[in-house]
Amino acid sequence: MNKYNHWIGKLFSKFNGGVNYAVTFGQTTYFSCDESIVPVWWHRHEDKHKEQYAKDGWIKFLSWYILQLLIKGYLNIDYEIEARQAAIPYGGPVIKSNNNPIGMILLGIFSAFIALIILGIKYGK
């Protein structure tokens, strides 16, 4: 499921300098913008994250994502490398540098926090 112009996507956008942003939790992607401006490659990138969640589950995905974020940095997270590779055949950019590693670490931690809230709401725990 994709949700566009969603407050979660917009919140993450603010933490990422106000650029259009998407974050995937489980099988739902929250975009900060309207569907009409989301290219196919971006959908493919986020769809790969959905596949990763389905394969590894919430706990493994988020714990491994955050651990790698802290140790290796955003661009070297295995899940992100795989998602970027999935997007390239659809015109996705080849990203080679991370201009704000501290910001990405904080964004990752914030992502985990929001995911836990979503899980709590979804499962009533």
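Select Trp7 to begin: at 55% relative accessibility this residue counts as exposed, because the cut-off for that word is over 50%. The model on your screen is a predicted one, and Trp7 lies in its helix 1. If you add Cys33 to the selection, you will find the C-alpha atoms of Trp7 and Cys33 9.8 Å apart in space, although the two residues are 26 residues apart in sequence.

Now step back to Asn5, which sits in the loop between strand 1 (2-3) and helix 1. At 37% relative accessibility Asn5 counts as partly exposed, and its backbone deserves a look, since Asn5 has a positive phi of about 50° although it is not a glycine. Most residues other than glycine have a negative phi.

Before going further, show the whole protein chain as a cartoon. There are 4 helices and 3 strands in the chain, and from the N terminus on the elements run β-α-β-β-α-α-α. Of the 125 residues in the chain, 47% are buried.

Next, select Ser32, in the loop between strand 3 (28-31) and helix 2. Is Ser32 buried or exposed? With a relative accessibility of 9%, Ser32 counts as buried. Add Asn20 as well: Ser32 and Asn20 are 12 residues apart in sequence, while their C-alpha atoms are 5.7 Å apart in space.

From that loop, move on to helix 2 and colour residues 40-72. Helix 2 has 33 residues, yet its end C-alpha atoms are only 28 Å apart, short of the 48 Å that a straight helix would reach at 1.5 Å a residue. Where does helix 2 bend? Centre the view on Gly57, at which helix 2 bends by about 115°. Then follow the chain to Gly73, the residue that comes after helix 2, and note that its phi is positive, near 90°.

While helix 2 is still coloured, pick out Gln68, which belongs to this helix. Gln68 is buried, with a relative accessible area of 3%. Selecting Tyr79 together with Gln68 shows a pair 11 residues apart in sequence and 9.4 Å apart in space, C-alpha to C-alpha.

Now show helix 3 (residues 78-87) beside helix 2: the two pack at an angle of about 160°, with their axes 7 Å apart. Helix 2 is therefore roughly antiparallel to helix 3, a description used for angles over 145 degrees. If you colour the contact of helix 2 with helix 3 by residue class, it has 8 nonpolar, 4 polar and 9 charged residues.

Finally, turn to the interior and display the side chains of Ile8, Phe12, Val23, Phe25, Trp58, Ile114 and Ile118. Within the largest nonpolar core, which has 20 residues, these seven touch the most other members. Helix 1 (7-15), strand 2 (22-25), helix 2 and helix 4 (101-123) each supply at least two residues of this core. Which element gives the largest share of the core? That element is helix 2, from which 6 residues come. As a last selection, take Phe31, Cys33, Val38 and Trp42, which are among the 5 residues of another core, lying apart from the largest one. Cys33 is the residue you paired with Trp7 at the start of the tour.

How values were computed. Residues are numbered from 1 along each chain as its sequence is written. This is a predicted model: local features need pLDDT of at least 70, side-chain atom pairs count only at pLDDT 80 or more; totals for chains, interfaces and linings use all residues. Side-chain values use heavy atoms; hydrogens and water are left out. Axes are lines fitted to C-alpha atoms, for helices over the stretch in contact, and angles run from 0 to 180 degrees between N-to-C directions. Angles under 35 degrees count as roughly parallel, over 145 as roughly antiparallel, 65 to 115 as roughly perpendicular and the rest as oblique. Ala, Val, Leu, Ile, Met, Phe, Trp, Tyr, Cys and Pro count as nonpolar, Asp, Glu, Lys and Arg as charged, and the others, Gly among them, as polar. The expected span of a helix is 1.5 Å times one less than its number of residues. The bend at a residue is the angle between axes fitted to the seven residues ending there and the seven starting there. A nonpolar core is a set of buried Ala, Val, Leu, Ile, Met, Phe, Trp, Tyr and Cys residues joined through side-chain atoms within 4.5 Å. Buried means under 20% relative accessible area, exposed over 50%, partly exposed in between (1.4 Å probe, protein chains only).
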